[in-house]
Amino acid sequence: MNNPFARIVEPLDPKQPLKKFFNLSKLEDVRYACLPFSIRVLLEAAIRNCDEFLVKRGDVENILNWREVQHKNVEVPFKPARVILQDFTGVPAVVDFAAMRDAVKKLGGDPEKINPICPADLVIDHSIQVDFNRRSDSLQKNQDLEFERNKERFEFLKWGSQAFKNMRIIPPGSGIIHQVNLEYLARVVMDQDGYYYPDSVVGTDSHTTMIDGLGVLGWGVGGIEAEAVMLGQPISMVLPQVVGYKLLGNPQPLVTSTDIVLTITKHLRQVGVVGKFVEFFGPGVAQLSIADRATIANMCPEYGATAAYFPVDDISIGYLIQTGRDKEKVMCTKRYLEAVGMLRDFKNSSQDPDFTQVVELDLHTVVPCCSGPKRPQDKVAVSDMKKDFEACLGAKQGFKGFQIPPDQHNSIVKFNFEGCDFELAHGSVVIAAITSCTNTSNPSVMLGAGLLAKKAVEAGLTVKPYIKTSLSPGSGVVTYYLRESGVMSYLSQLGFDVVGYGCMTCIGNSGPLPEPVVEAILHGDLVAVGVLSGNRNFEGRVHPNTRANYLASPPLVIAYAIAGTIRINFEKEPLGINASGKKIFLKDIWPTRNEIQAVERQFVIPGMFKEVYEKIETVNKSWNALDAPSDKLYTWNPKSTYIKSPPFFDGLTLALQTPKTIEDAYVLLSFGDSVTTDHISPAGNIARNSPAARYLTSRGLTPREFNSYGSRRGNDAVMARGTFANIRLLNKFIDKQGPQTVHFPSGEILDVFDAAERYKQAGHPLIVLAGKEYGAGSSRDWAAKGPFLLGVKAVLAESYERIHRSNLVGMGVIPLQYLPGQDAGTLGLTGRERYTIIIPEKLKPQMNIEIKLDTGKTFNAIMRFDTDVELTYFHNGGILNYMIRKMAS
């Protein structure tokens, strides 16, 4: 059947033959011009990959009347043009692929069918840690240690790049995945197989949305879902609502893009955009650079939306040229977008699409701010930081409270560091990190930090030597323009030397704090502070010894490092007093927007992007020297503690097994709101008294060799033991924070893994109870794989973050949701009951199912399989089982 939307246009290049492309805007239906641009890209991708999709639906009007059908579960099979991965999620994906090849072979199929059919780029950026800082050789020493720790993982990834087609590895030391995507990998418009069509992407990192700032529709998915996409399976999603976010006015001179995004994050959390697209429009967008837009789009997971989209405009086209893209290709991109009516003029209100809902922000109302101490949506104006932190000290334990007794609020602990005496108190800054994809991709805030450092040094200010300072740029381009503009030496003088190219502190790879500092924190039970230019500050993520962590712009990171405390009012109190006795205030050294823009225009030029990215795949000599096997099937090493064949496909047969009712399940854990994927599957430090540590010790490893949970995601034995192992876990069954629970048959308090093992040995299924926003945070698939291996059959929550719900579906774990107006409290659930979850023979999306308790109580919940495709995955025991059966048959 012919696609009714295929169109031929005159050639974009007269020297080339005619090119075809799919163009909905050529329909004689004016309503299409009113669709949000993000929906248009989504539909272009659906039509391009599923020629008969709309015809099969039999109702073109349905799709074009998108506002009328958003709540009617109309599915769109979105097949993105590209997939991007980082190593923490990429290693388990390649492990799964290797195991899937084995499984397909056992079932009599061709194992090489397990192979990416769309381009997949894997950027190694999550492995490097801040082991060394404040020294000129920090970068080299950290990179050397990274290879020493992770050589086996890197060899495995190099095998994957050779064994699988369409898989490219960007070596360690190259930069952060999202900045590399923005500056180098993104096409904006694809030119492939005789077609022009919009670039689109999904990634195994939740901040994949950063690329939406350049007009490429993309979002994060779980590694499980990404693997299916790489094998040719479309993502089936319900046609989303699109919230139009109208930006007006101009930012104030002292405001940064970080302040804007933290303001938007709080606003959209209040609006409620989980599962929705957000599209930015209005004249204020034209005031933002692509780096500013990318910063806002990057933090999309923190406000819960699926995508945060900025349509392409002339500023986007200019950015492609600035970053060294081929000019001819950029001009073809522009002409294509003009031809299909997808090049936006934000100052022209007649182009404004129709949205489900419109909210507004006047950029002039944004003030300098931070977010914390435990969540990115908890914005605090810089002018209020001191009093807000002091209020948090005494508040009840929670997102904004530490429950410190009033008589201890001004406690001081003295300690000696490198022969000098210092003091720590509640609010003392012990980590100050310019880090993460969110901000290091933005020249304005990075150069702003550099200019502030220059003025601070010239004014005679310093940073106390015990504060762990670090600078981890998102790409080599950042180092290039910081060096060329002359500010790098000033950053180094304040302790902000380049320590590596990767996520580092933002992902929890902060490295150790000085021992005297740790002893002082523990001795005084102090609420020590980390300040970072990152996107996440969930409990236990940044460092085990920083109970309060604040997100801030790079210039503010330096300011708080100089001050040494969060308990400062910058408007009234000086940053410090120089050797001449002069008080230096923040306003004295804060660079103006005009200063920053002048330096940016002079030093951020196309040549440096070309120079950095021309050699990105070959510049790392250690990577080049790695020797990897060339076999198509991976030879598993039973002695490895990094790479292990997972048990997900053990006993898999071609025949489907009917899902069964879950009978008399115990509750493994009972949670409140905002349980994050960091709580479920931590990425950082492996505690020495944890089940994972005991396992690694039994394999002959010392604590120095433990590395991190993130680095061990290729080994299910470690990751199962690391599930719910976050030291800040708050389980309602226990009266204190910690990774423990009650084993109800015995009444014992055990580590979560040990309790789950006892239940498993006795043949008892398990469930988890939770509140709102369960699974907030990153896209890590181990937050679903881990509970699956512990024997968790279902989760019952008030609401889910999108990616985590999808991951649960992918592993065959049932996501259940309370009916509107109900929760554990209204139903009188204690979690000490046993639960029987009735699974009907005939299932349909989002149906209500019955849950019976051993107390005799019965209630209903929504089974959150949102599409027919997700139900197909469930019947197969998960998405990977489905793909194996499909390939084997």
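Start by selecting N142, which sits in helix α6 (residues 138-163); helices here are DSSP runs of H or I with at least four residues, strands are E runs of at least two, and both are numbered from the N terminus. This is a predicted model, so keep in mind that local features need pLDDT of at least 70 and side-chain atom pairs count only at pLDDT 80 or more, while totals for chains, interfaces and linings use all residues. Residues are numbered from 1 along each chain as its sequence is written, and side-chain values use heavy atoms, with hydrogens and water left out.

Is N142 buried or exposed? At 1% relative accessibility, N142 counts as buried (buried is under 20% relative accessible area, exposed over 50%, partly exposed in between, with a 1.4 Å probe and protein chains only). Show its surroundings: leaving aside residues up to four places away in sequence, N142 touches I128, Q129, V130, D131, F132 and V499, where contact means heavy atoms within 4.5 Å. For a sense of scale, draw a distance from N142 to P845: the two are 703 residues apart in sequence and 49 Å apart in space, C-alpha to C-alpha.

Keep Q129 on screen and add S708, since Q129 is among the residues that S708 touches. The others are F88, N509, A683, G684 and I686, again not counting residues up to four places away in sequence. S708 belongs to the loop between α26 (691-698) and α27 (716-721), and with a relative accessible area of 3% it is buried.

Next, the open sheet. Color its 5 strands in the order β6-β5-β4-β9-β10; the pairing is parallel, and two strands pair if DSSP finds at least two bridges between them. β6 (167-170) and β10 (217-220) are the edge strands, each with a single partner, so one side of each has no neighbour in the sheet. From one strand to the next the twist averages 20° (axes are lines fitted to C-alpha atoms, for helices over the stretch in contact, and angles run from 0 to 180 degrees between N-to-C directions).

Zoom in on β4 (residues 82-86) and β5 (residues 120-123), which run parallel and are joined by 4 bridges. Here I84 stands opposite D121 of β5. Now add helix α8 (residues 223-230): it packs on the sheet and touches β4, β5, β6 and β9 (200-203), with a direction about 140° from that of β4.

From α8, move to helix α33 (residues 879-888). How many of the 10 residues of α33 are buried? The count is 9, so the helix is largely enclosed by the rest of the structure. The buried ones are I879, L880, N881, Y882, M883, I884, R885, M887 and A888. Their cover includes α8, along with α5 (87-106), α30 (802-810) and α32 (868-875).

For a helix pair, select α16 (residues 443-458) and α20 (residues 554-563). Their axes come within 7 Å and cross at roughly 30°. That makes α16 roughly parallel to α20 (under 35 degrees is roughly parallel, over 145 roughly antiparallel, 65 to 115 roughly perpendicular and the rest oblique). Show side chains for V445, M446, G448, A449, L452, A453 and A456 on α16, and for P554, P555, I558 and I562 on α20; these make the contact.

On to residues 693-818, where an unreviewed UniProt entry places the feature "domain: Aconitase A/isopropylmalate dehydratase small subunit swivel". UniProt positions are given in the numbering used here, feature names are shortened, and annotations may be inferred rather than shown by experiment. This stretch is 32% helix and 18% strand, and its end C-alpha atoms are 36 Å apart.

Pick out the hairpin of β27 (residues 740-743) and β28 (residues 748-751), an antiparallel pair with 4 bridges. H743 stands opposite E748 of β28. With 4 residues between the strands, the hairpin has G747 at a positive phi near 80°.

Then select the barrel: 7 strands close up in the order β26-β29-β30-β31-β34-β33-β32, with mixed pairing. Neighbouring strands are turned by 40° against each other on average, direction ignored. Within the barrel, β32 (residues 835-837) pairs with β33 (residues 848-853) in the antiparallel sense over 3 bridges, and Y835 stands opposite L853 of β33.

Last stop: D193, in the loop between β7 (189-192) and β8 (195-198). At 67% relative accessibility, D193 is exposed.
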